[in-house]
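Me: I'd like a close look at one part of this protein rather than a quick tour of everything. Could you pick out one helix, walk me through its surroundings, and then set it in the wider fold?

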Amino acid sequence: MSLEIDVPVLMHAPRSVRVERIQDETPSIRSFWFSDATLHHARPGQFAMVWVPGVDEVPMSVLAIHGHSEAGLVIKKGGPVSVALWDKKPGDKLWVRGPYGQPYTVGHHHRLLIVGGGTGLVPLISLLVHLRGREITLITGARTASELLFKDWLIRESKEHNFKLLFATDDGSYGEKNQVPKVVEHVLKADKFDAIYTCGPEPMMKLVYDLARLKQCHMQVSLERVFKCGLGICAACVIGPYLVCRDGPVFSERELSGMPEFGHERRDLSGKKVPLGVGH
Ligand SMILES: Cc1cc2nc3c(=O)[nH]c(=O)nc-3n(C[C@H](O)[C@H](O)[C@H](O)COP(=O)(O)OP(=O)(O)OC[C@H]3O[C@@H](n4cnc5c(N)ncnc54)[C@H](O)[C@@H]3O)c2cc1C
Ligand code: FES
């Protein structure tokens, strides 16, 4: 009896990669770097499905900005999957598949505002590197200075590639003592942009989206939902008429206007609708 192997199925089987280096980025965020030529070609905003055998599989943004085949995952320590990933050491295996999803698109837009919070900054860092040469303002924030992700790298990069960088902290320990959407509001009063790109906590993105609509500014938002297949098959990630894993995670303001759940509701692991902010 011959064993037939279905090639499309194999394409989506998790593959193992070996962690080559690990870096502490903040007290609660760590980056893991490995070689994978496929993920190295992920476009800004695309994600990988990362499997921890015996625990679960979750989506993670891919950071591919160094070398010829290097890719990185930037992981915030929280629940079971992220804690299991945090325990990895150089030489340990990770299981990944992808990249999947629709990336950010920029087209002819030149004056760009990039707004990131927490690990939401990860796809925006890829975008920033791809957009060198355009007129960029980047705003990011955290509760306190030590939690500002990629702070030193961003400062160096902003000097070398000449973009405007604004930090906000809730406690005023670095940058402006303010919430990110308030800084965005001030910047939008003073300057005009062709497009806004954001990723981070959904309440923050909703406030930025409302400001962009007032200014009639083009906008793209990267959404986070529960993903199971990551391929557009299971509908775990449904929002309005869209599947976030297949049609997103990046959506335009036109698509967002057809999603009444945006900024208000999501589905939990069982598929039940729950208010944003309620745990998995
Ligand atoms: C497109 C996209 C990109 C993301 N990029 C990053 C990133 O770069 N860095 C990062 O730290 N996080 C990222 N996340 C969030 C990540 O997928 C998890 O939600 C996060 O790691 C929390 O998992 P946890 O194990 O800490 O547990 P908790 O948040 O406590 O959740 C408990 C359990 O629920 C399940 N679960 C949680 N979230 C998901 C999910 N989204 N899909 C399926 N099952 C889930 C897992 O079993 C998890 O262990 C991204 C999410 C999406 C949708
Ligand atoms: S996660 Fe299965 S359809 Fe999106």
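**Helix 7 and its surroundings**

Reply: Let's go with helix 7, where the buried residues are Glu-202, Met-204, Met-205, Lys-206, Val-208, Tyr-209, Leu-211 and Ala-212. Keep in mind that this is a predicted model.

What sits over those buried residues? The cover includes two helices, helix 6 (180-190) and helix 9 (253-256). Strands contribute as well: strand 8 (111-117), strand 12 (195-199) and strand 13 (218-222) are among the covering elements.

Now the helix itself. Helix 7 takes in 13 residues, 202-214, and at 1.5 Å a residue that should give a span of 18 Å. The C-alpha atoms at its two ends are 18 Å apart, so the expectation and the model agree. After the helix comes Gln-216, which has a positive phi, near 50°.

Strand 13 deserves a closer look, and Ser-222 is a handy way in, as that residue lies in this strand. Is Ser-222 buried or exposed? Its relative accessibility is 7%, and since buried means under 20%, Ser-222 counts as buried. Setting aside neighbours within four places in sequence, Ser-222 touches Met-205, which is one of the buried residues of helix 7. Ser-222 is also in contact with Thr-198 and Cys-199, as well as Tyr-104, Pro-249 and Val-250.

Elsewhere in the protein there is an open sheet of four strands, ordered 1-7-4-5 and paired antiparallel. Strand 1 (15-18) and strand 5 (56-61) are its edges, each pairing on one side only. On average, neighbouring strands in this sheet are turned by 40° against each other, ignoring direction. Strand 1 pairs with strand 7 (residues 93-100) through four bridges, in the antiparallel sense. In that pairing, Arg-18 stands opposite Lys-93 of strand 7.

Stepping back to the whole protein, there are nine helices and 18 strands. For 280 residues, a compact globule would have a radius of gyration near 19 Å, and the 19 Å found here agrees with that. The C-alpha trace spans about 70 × 40 × 35 Å along the principal axes. Of the 280 residues, 51% are buried. Among contacts with a separation of 6 or more, 63% join residues 24 or more positions apart. As for the surface, the protein exposes about 13,600 Å², with carbon and sulfur atoms supplying 53% of it.

Notes
Residues are numbered from 1 along each chain as its sequence is written. Chains are lettered from A and ligands numbered from 1 in the order in which they are written. This is a predicted model: local features need pLDDT of at least 70, side-chain atom pairs count only at pLDDT 80 or more; totals for chains, interfaces and linings use all residues. Side-chain values use heavy atoms; hydrogens and water are left out. The expected span of a helix is 1.5 Å times one less than its number of residues. Buried means under 20% relative accessible area, exposed over 50%, partly exposed in between (1.4 Å probe, protein chains only). Contact means heavy atoms within 4.5 Å. Two strands pair if DSSP finds at least two bridges between them. Axes are lines fitted to C-alpha atoms, for helices over the stretch in contact, and angles run from 0 to 180 degrees between N-to-C directions. The radius of gyration is taken over C-alpha atoms; the globule rule is 2.2 Å times the number of residues to the power 0.38. Accessible areas come from the Shrake-Rupley method with a 1.4 Å probe; for residues, only the protein chains shown count as cover.
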